[in-house]
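Please open the model in your viewer and keep the sequence panel alongside it. The tour below proceeds by selection, and at each stop it says what to pick and what is found there.

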Amino acid sequence: MLLVTGASGRLFGRPVIDKLRQLAPADQIVAGTRDPAALPDLHAAGVQVRRLDFNDSASLASALADVTAVLINGTNYGTPADQRAEGHARMIRAAAEASIP
């Protein structure tokens with residue numbers, strides 16, 4: 001399964017998810033977002049929508065369950081600039097700890 005972070009983002013996350021749905025079965029796509037309730041249409045289409053917040057390590061571990069690849073979308077909006085790098089690093093570490101290449 002492929003996890004896309006920032007799945008509700010209009011500039012990157014959502015367009016990537018929409019393209020992936022043309023290329024892969026919906027049940028092989030995981031949409032990671034801080035607010036899963038914001039993506040009811042993806043859930044209804046069979047995409048797994050999981051809570052994922054770069055500042056919440058527990059959410060990273062649960063979002064990565066059964067995932068084999070990750071596309072990390074940066075948090076350019078909604079996250080203070082001085083916190084972005086550490087959040088991205090947490091996501092990378094969580095993926096490495098889950099043995100995702």
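**First stop: Thr-33 and its surroundings**

Select Thr-33, which counts as buried because its relative accessibility is 4%, under the 20% that marks the limit for that label; bear in mind throughout that this is a predicted model. Thr-33 lies in strand E2, and if you display polar atoms you will find one from its side chain 3.3 Å from the backbone nitrogen of Asp-35. Now expand the selection to the contacts of Thr-33: leaving out residues up to four places away in sequence, Thr-33 touches Ser-8, Leu-39, Val-49, Arg-50, Arg-51 and Leu-52.

**Along the loop to Pro-36**

Move next to Pro-36, which sits in the loop between E2 and H2 and is partly exposed, with a relative accessible area of 28%. With neighbours within four places in sequence set aside, Pro-36 is in contact with Val-49, Arg-50 and Arg-51. If you draw a C-alpha to C-alpha distance from Pro-36 to Ser-8, it should read 8.7 Å, although 28 residues separate the two in sequence.

**Helix H1 and its buried side**

Select residues 13-23, which form helix H1, and colour Gly-13, Arg-14, Val-16, Ile-17 and Leu-20, which are buried. Why do these residues lie on the same side of H1? They cover an arc of only 155° around the axis, and this places them on the same side of the helix. As general background, an α-helix has 3.6 residues a turn, so residues three or four places apart point the same way. To see what the buried residues of H1 pack against, add strand E1 (2-4), strand E2 (29-33), helix H2 (40-44) and strand E4 (69-71) to the view.

**The nonpolar cores**

Finally, show the largest nonpolar core, which has 13 residues, and within which Leu-3, Leu-52, Leu-60, Leu-64, Val-67 and Met-91 touch the most other members. Helix H3 (57-63) and helix H4 (81-97) each supply at least two residues of this core, and H4 gives the most, with 3 residues. Centre on Val-67, whose contacts, not counting residues up to four places away in sequence, are Met-1, Leu-3, Val-30, Arg-50 and Ile-100. A second core, separate from the one just shown, has 11 residues, among them Val-4, Ile-17, Val-47 and Val-49. Of these, Ile-17 was coloured earlier as a buried residue of H1, while Val-49 appeared among the contacts of Thr-33.

Notes. Residues are numbered from 1 along each chain as its sequence is written. This is a predicted model: local features need pLDDT of at least 70, side-chain atom pairs count only at pLDDT 80 or more; totals for chains, interfaces and linings use all residues. Side-chain values use heavy atoms; hydrogens and water are left out. Buried means under 20% relative accessible area, exposed over 50%, partly exposed in between (1.4 Å probe, protein chains only). Helices (H or I, at least four residues) and strands (E, at least two) are DSSP runs, numbered from the N terminus. The arc is that of the directions from the helix axis to the C-beta atoms. Contact means heavy atoms within 4.5 Å. A nonpolar core is a set of buried Ala, Val, Leu, Ile, Met, Phe, Trp, Tyr and Cys residues joined through side-chain atoms within 4.5 Å. A polar contact is a pair of N or O atoms within 3.5 Å; within protein, one must be able to donate a hydrogen and the other to accept it, and residues adjacent in sequence count only if both atoms are side-chain atoms.
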